[in-house]
Amino acid sequence: MQDTDKDQNARIQARGMLTGRRIAVTGGAGAIGAAIARHLVALGARVFVLDLTQPAQQVAGTRFVQADVTRRETLDAARAEIKREGGSIDGLVNCHGFQIRRKFEDYTEEEWARVVDVNFSGVFRSCQAFGPALREHGGSIVNISSVVGTIAARTGVAYGASKAAVSHLSRVLAVEWAPKVRVNAVAPGVVSSALTAELFANPEYAAKRMEMIPMKRIAEPEDIAGPVGFLLSDHAAMMTGQVLIVDGGFSLQ
Ligand SMILES: NC(=O)c1ccc[n+]([C@@H]2O[C@H](COP(=O)([O-])OP(=O)(O)OC[C@H]3O[C@@H](n4cnc5c(N)ncnc54)[C@H](O)[C@@H]3O)[C@@H](O)[C@H]2O)c1
């Protein structure tokens, strides 16, 4: 039987949706994580918000599960709790993050270790904890990296290096876990959130920074949520191992 235009349109529409998918979002109580959670719910997913503390506002369609990405046992407990609610997950977004802004020479060894432990090793632990289920049923992972993992910015070398490592882990895992699991990263530029509020409170810094962004604004958390939803969906079925930069053109020049 031949496909009608209607059949084809229905199939294209269904590809973009996350109906019935179960997706865990680490750092889901933060600014970008909460926007991602809201967007995934709007696309039809059931979302599990994994974070240290409850989100300020509970998003309908999400469930909070306490977890600390620096402690593997809390991720295993979160996985068990999610399973009790009806099964494993089909998607994982690693959106936790932590920044200490220092010049290289001023970092203490403890500060360095802490940034790497949360940002990079946290992604390692989370992928190890949730990977086996994703590999069994198939699924998609999106790791939130940063544009400063690609370009050299004076915003803290530990943070930039940890994000470069997150991007690279995403590429290697994409190769190791294909074809069952797709693994991609999203690398935002500056996004309006607690991580950047202090910097942008300085009008001189804000004006200078704005000049460097061709789109002439800093991103809102929702600007990051859209690309994450796309990468999780079947619209991106042939995309894996990619680092999608979402920075309004900042890193182009
Ligand atoms: N805001 C930006 O400009 C920007 C730019 C590029 C990348 N990012 C990345 O986006 C992600 C989200 O950042 P945000 O701007 O929403 O910041 P945010 O501070 O609002 O959110 C970060 C979240 O991570 C959680 N978290 C921290 N340590 C954790 C741990 N050990 N275990 C579990 N959760 C933990 C925090 O509780 C918080 O809810 C981070 O990975 C960040 O590095 C942000």
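# A guided tour from Pro221 outward

Start by selecting Pro221, which is buried, because 20 other C-beta atoms lie within 10 Å of its own and 20 or more is the criterion for burial. Keep in mind throughout that this is a predicted model. Pro221 belongs to helix α8, and, once its neighbours within four places in sequence are left aside, the residues in contact with Pro221 are Ala31, Ile32, Ala35, Val191 and Ser193. Now add Gly30 to the selection: although Pro221 and Gly30 are 191 residues apart in sequence, their C-alpha atoms are 9.6 Å apart in space.

**The ligand shell**

Next, display the ligand together with the residues around it, of which there are 28, the closest being Gly27, Gly30, Ile32, Gly97 and Ser193. Colouring by secondary structure shows which elements give two or more residues to this shell, namely α2 (31-42), α4 (109-137) and α6 (194-200). If you colour by residue class instead, the shell around the ligand divides into 15 nonpolar, eleven polar and two charged residues.

**α2 against α8**

From the ligand, turn to the pair formed by α2 and α8 (residues 221-232), whose axes come within 8 Å and cross at roughly 50 degrees. An angle of that kind falls outside the ranges for roughly parallel, antiparallel or perpendicular, and α2 and α8 are therefore oblique to each other. The crossing in which α2 passes α8 is right-handed. To see the contact itself, select Ala31, Ile32, Ala35, Ile36, His39 and Leu40 on the α2 side, and on the α8 side Pro221, Glu222, Ile224, Ala225, Gly226, Val228 and Gly229. By class, the residues of this contact of α2 with α8 are nine nonpolar, three polar and one charged.

**α4 against α5**

Now select α4 again, this time with α5 (157-177), and view the two helices along their lengths. Their axes are 9 Å apart and the packing angle is about 20 degrees; since angles under 35 degrees count as roughly parallel, α4 and α5 are described in that way. Here too the crossing is right-handed, as α4 passes α5. The α4 side of the contact consists of Trp112, Val115, Val116, Asn119, Phe120, Val123, Phe124, Cys127 and Arg135, and these meet Ala158, Tyr159, Ser162, Lys163, Ala165, Val166, Leu169, Leu173 and Trp177 in α5. Sorted by class, the residues of the contact of α4 with α5 comprise 14 nonpolar, two polar and two charged.

**α3 against α4**

Keep α4 selected and bring in α3 (residues 72-84), which packs with α4 at an angle of about 35 degrees, the axes being 9 Å apart. α3 passes α4 in a crossing that is right-handed. The residues to show are Arg72, Leu75, Asp76 and Arg79 of α3, with Arg125, Ser126, Ala129 and Phe130 of α4. In this contact of α3 with α4, the division is three nonpolar, one polar and four charged.

**Tyr107, ahead of α4**

Move next to Tyr107, in the loop between β4 (91-94) and α4. Tyr107 is partly exposed, because the 17 other C-beta atoms within 10 Å fall between the limits for exposed, 12 or fewer, and buried, 20 or more. Apart from its neighbours within four places in sequence, Tyr107 is in contact with Arg102, Trp112 and Ala158. Selecting Val157 as well shows a pair that is 50 residues apart in sequence and, C-alpha to C-alpha, 9.2 Å apart in space.

**Three loop positions**

The tour ends with three stops in loops. At Pro179, in the loop between α5 and β6 (181-188), inspect the preceding peptide bond: the one from Ala178 to Pro179 is cis, with omega near 0 degrees.

Then go to Lys216, in the loop between α7 (203-211) and α8, and check its backbone torsions, since phi of Lys216 is near 60 degrees, a positive value in a residue other than glycine. Lys216 counts as exposed, because 9 C-beta neighbours inside 10 Å satisfies the limit of 12 or fewer.

Finally, select Met238, in the loop between α8 and β7 (243-246). Met238 is exposed, with 7 other C-beta atoms within 10 Å. A distance label between the C-alpha atoms of Met238 and Arg182, which are 56 residues apart along the chain, should read 8.5 Å.

Notes:
Residues numbered from 1 in each chain as written. Predicted model: local features only at pLDDT ≥ 70, side-chain atom pairs only at ≥ 80, totals over all residues. Near = placed C-beta within 6 Å. Helix = DSSP H or I, 4+ residues; strand = E, 2+ residues; numbered from the N terminus. Nonpolar A, V, L, I, M, F, W, Y, C, P; charged D, E, K, R; others polar. Axes fitted to C-alpha atoms, helices over the stretch in contact; angles between N-to-C directions. Parallel < 35°, antiparallel > 145°, perpendicular 65-115°, else oblique. Left-handed = near helix turned anticlockwise from the far one by under 90°. Contact = placed C-beta atoms within 7 Å.
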